[in-house]
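Here is a short briefing to keep beside you while you look around this protein. Take a moment with the sequence and the fold, and then read on.

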Amino acid sequence: TIDGTTLRQSNDILFALDDLFPKHKSLAPPDSLKGKAQEYLRLERQVFSAWMYWLTGGGEQAKRNFVETLGDVEVALQQVSNGPFFV
């Protein structure tokens, strides 16, 4: 909760923190990586969605979908050479 507002989406939290602490380095990716960052944010939403569906009773197919989505995350992480983070 920031200034009485509960933020639930990771993007909203990042933007709010940037607004709250303007003198600190921005959490937003540099312009040169914004497209890639959007791709990773979509992947993050896919992982959450697949996990939540499996968690709330989606059965074996949901589990397979979640594991498959984690494979997509693994592929994305292998393409990053500067450390353990996406951007």
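The notes below go through the core, the aromatic residues, the charged pairs and two single residues.

Please keep in mind that this is a predicted model. Its largest nonpolar core is made up of eight residues, and a search of the whole structure finds two aromatic pairs. There are also two salt bridges in the structure.

**The nonpolar core**

- Y40, L43, V47, A50, F66, V73, A76 and V80 together form the largest nonpolar core.
- Helices α2 and α3 (59-78) each supply at least two of these core residues.
- The biggest contribution comes from α2, which gives four residues to this core.
- As a general background, nonpolar side chains in soluble globular proteins tend to be buried together.
- V47 is a handy residue to click on: leaving aside neighbours within four places in sequence, V47 is in contact with F66, T69, L70 and V73.
- Of those partners, F66 and V73 are listed with V47 among the members of the core.

**Aromatic residues and the surface patch**

- A pair of aromatic rings is described by how far apart the centres are and by the angle of the planes.
- A search of the whole structure gives two such pairs, and one of them joins F48 and W51 in a tilted arrangement, with 5.8 Å from centre to centre and 50° between the planes.
- That angle counts as tilted because stacked planes are under 30 degrees apart and edge-to-face planes over 60.
- F48 and W51 both belong to helix α2 (residues 34-55), where they sit three residues apart, about one turn of the helix.
- F48 is partly exposed, at 46% relative accessibility, and W51 is partly exposed too, at 34%.
- F48 and W51 also join W54 and L55 in a nonpolar patch on the surface, and the four have about 410 Å² of accessible area together.
- W54 is likewise found in helix α2, and its relative accessibility of 33% makes W54 partly exposed.

**Salt bridges**

- Side chains of opposite charge can pair when their charged atoms come close.
- Which side chains meet in a salt bridge at 3.3 Å, N to O? One such bridge links D31 and K34.
- D31 is exposed, with a relative accessible area of 64%, whereas K34 is partly exposed at 41%.
- K36 and E39 form a salt bridge as well, with their closest N and O atoms 3.3 Å apart.
- Both K36 and E39 lie in helix α2, three residues apart, about one turn of the helix.
- Each of these partners is partly exposed: E39 has 36% relative accessibility and K36 has 32%.

**Two single residues to look at**

- K23 is found in the loop between α1 (10-20) and α2.
- Is K23 buried or exposed? K23 counts as exposed, because its relative accessibility is 83% and the cut-off for exposed is over 50%.
- From K23 to V75 there are 52 residues in sequence and 35 Å in space, C-alpha to C-alpha.
- D3 has its place in the segment before α1.
- The phi of D3 is near 50°, a positive value in a residue other than glycine.
- D3 is exposed, with a relative accessible area of 73%.

Key
Residues are numbered from 1 along each chain as its sequence is written. This is a predicted model: local features need pLDDT of at least 70, side-chain atom pairs count only at pLDDT 80 or more; totals for chains, interfaces and linings use all residues. Side-chain values use heavy atoms; hydrogens and water are left out. Rings of Phe, Tyr and Trp (its six-membered ring) pair if their centres lie within 6.5 Å; planes under 30 degrees apart count as stacked, over 60 as edge-to-face and the rest as tilted. Helices (H or I, at least four residues) and strands (E, at least two) are DSSP runs, numbered from the N terminus. Buried means under 20% relative accessible area, exposed over 50%, partly exposed in between (1.4 Å probe, protein chains only). A nonpolar core is a set of buried Ala, Val, Leu, Ile, Met, Phe, Trp, Tyr and Cys residues joined through side-chain atoms within 4.5 Å. Contact means heavy atoms within 4.5 Å. Patches are made of residues with over 30% relative accessible area and no salt bridge: like charges are joined within 9 Å, nonpolar side chains (Val, Leu, Ile, Met, Phe, Trp, Tyr) within 5 Å. Accessible areas come from the Shrake-Rupley method with a 1.4 Å probe; for residues, only the protein chains shown count as cover.
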